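I open this notebook to record what I looked up in one structure. The entries are kept brief and follow the order in which I worked.

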Amino acid sequence: MLKIVNAGLGRTGTTSLKAALDRLGLGPSFHMFDIVGDAERLRQWERVVCDGESPDWQALFAGYRSAVDGPCAVYYRQISEAFEDAKVILTVRDAESWYRSTHDTLYQFALRSAAHPPEPGSPQAALFRVTTIMVWDGLFGGRFSDKDHAIEVYHRHNEEVVRTLGADNVLVYDVRDGWEPLCDFLGVDAPREEFPRTNDTASMRQRVAAAAGAAAAVTG
């Protein structure tokens, strides 16, 4: 049963948040990478995102106590309605650095896949289809390469999360602020250790490449 939902877009510290939630005992935390290497989970999300199947949110997040990144940001309204008691965290960062980071990592995977389409019916093709419909053509309207447009979408998304769910119900959170605001919001004690800092642009490039490899290894 989800207790925490992250509505922030990818590359806003979502992987660091996942690590922090796991450290606080509020995991396991769902992440987009959980879809990549799991054939059945990938098929579930493909049916929801691409085929318009009504989602069984309980089944999609079975075994998880928190959810960050990926579909959570796009489907935050529906997920919040399905898990009414879940706390919502909106991870944010400077818009310019967010765009640069996203462009240099996740978007490059999309461009490579578009230039060299994966084999139809393959896990790589399914992953590309899901991310294209959900994010690049969906959220960004096929215009992510237009920096001004992408940043406008970024700001609009963040504003809509707060407006839709209510400012009192959402923690607007920059992971650079560390444990205190997060732990205060969640009502838990802050660990006496450094806040996890993961997935900078260089490591994210490596993870995207590894993810592509993992998708290629998924069968059936």
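The entries below concern nonpolar cores, one pair of helices and two single residues.

**Entry 1: nonpolar cores**

I note at the outset that this is a predicted model. I began with the largest nonpolar core and asked which of its residues touch the most other members. The core holds 50 residues, and Trp45, Phe61, Ile79 and Phe140 are the ones with the most contacts to other members. I then looked for the element that gives the most to this core and found helix H9, residues 123-139, with seven residues.

I followed Ile79 further, setting aside its neighbours within four places in sequence. Ile79 is in contact with Leu2, Val5, Trp57, Phe61, Pro71 and Cys72. Phe61 thus appears in this list and also among the four residues named for the core.

I also recorded a second, separate core, which has 17 residues. Its members include Ala20, Leu21, Ile89 and Trp179.

**Entry 2: helices H1 and H11**

Two packed helices are described by the angle between their axes and the distance between the axes. I therefore looked up both values for H1, residues 14-23, and H11, residues 179-186. Their axes come within 12 Å and cross at roughly 55 degrees. H1 is oblique to H11 because this angle lies outside the ranges for roughly parallel, perpendicular and antiparallel. The crossing is right-handed.

Which residues meet where H1 and H11 are in contact? From H1 I listed Leu17, Ala20, Leu21 and Arg23, and from H11 Trp179, Leu182 and Leu186. By class, the residues of this contact are six nonpolar, no polar and one charged. The charged one is Arg23, since Arg counts as charged. Ala20, Leu21 and Trp179 of this contact are also members of the second core.

**Entry 3: Thr102**

I placed Thr102 in helix H7, residues 95-104. Is Thr102 buried or exposed? Its relative accessible area is 4%, so Thr102 is buried. Not counting residues up to four places away in sequence, Thr102 touches Gly10, Arg11, Tyr107, Trp136 and Phe144.

**Entry 4: His149**

I found His149 in helix H10, residues 147-165. His149 counts as buried because its relative accessibility is 13%, and the cut-off for buried is under 20%. Leaving aside neighbours within four places in sequence, I recorded contacts of His149 with Phe140 and Arg143. Phe140 is one of the residues named above for the largest core. Finally, I looked up His149 against Gly13, which is 136 residues away along the chain. Their C-alpha atoms are separated by 21 Å.

How values were computed: Residues numbered from 1 in each chain as written. Predicted model: local features only at pLDDT ≥ 70, side-chain atom pairs only at ≥ 80, totals over all residues. Heavy atoms only, no water. Core = buried A, V, L, I, M, F, W, Y, C linked by side-chain atoms within 4.5 Å. Buried < 20%, exposed > 50% of the residue type's maximum accessible area, 1.4 Å probe, protein only. Helix = DSSP H or I, 4+ residues; strand = E, 2+ residues; numbered from the N terminus. Contact = heavy atoms within 4.5 Å. Axes fitted to C-alpha atoms, helices over the stretch in contact; angles between N-to-C directions. Parallel < 35°, antiparallel > 145°, perpendicular 65-115°, else oblique. Left-handed = near helix turned anticlockwise from the far one by under 90°.
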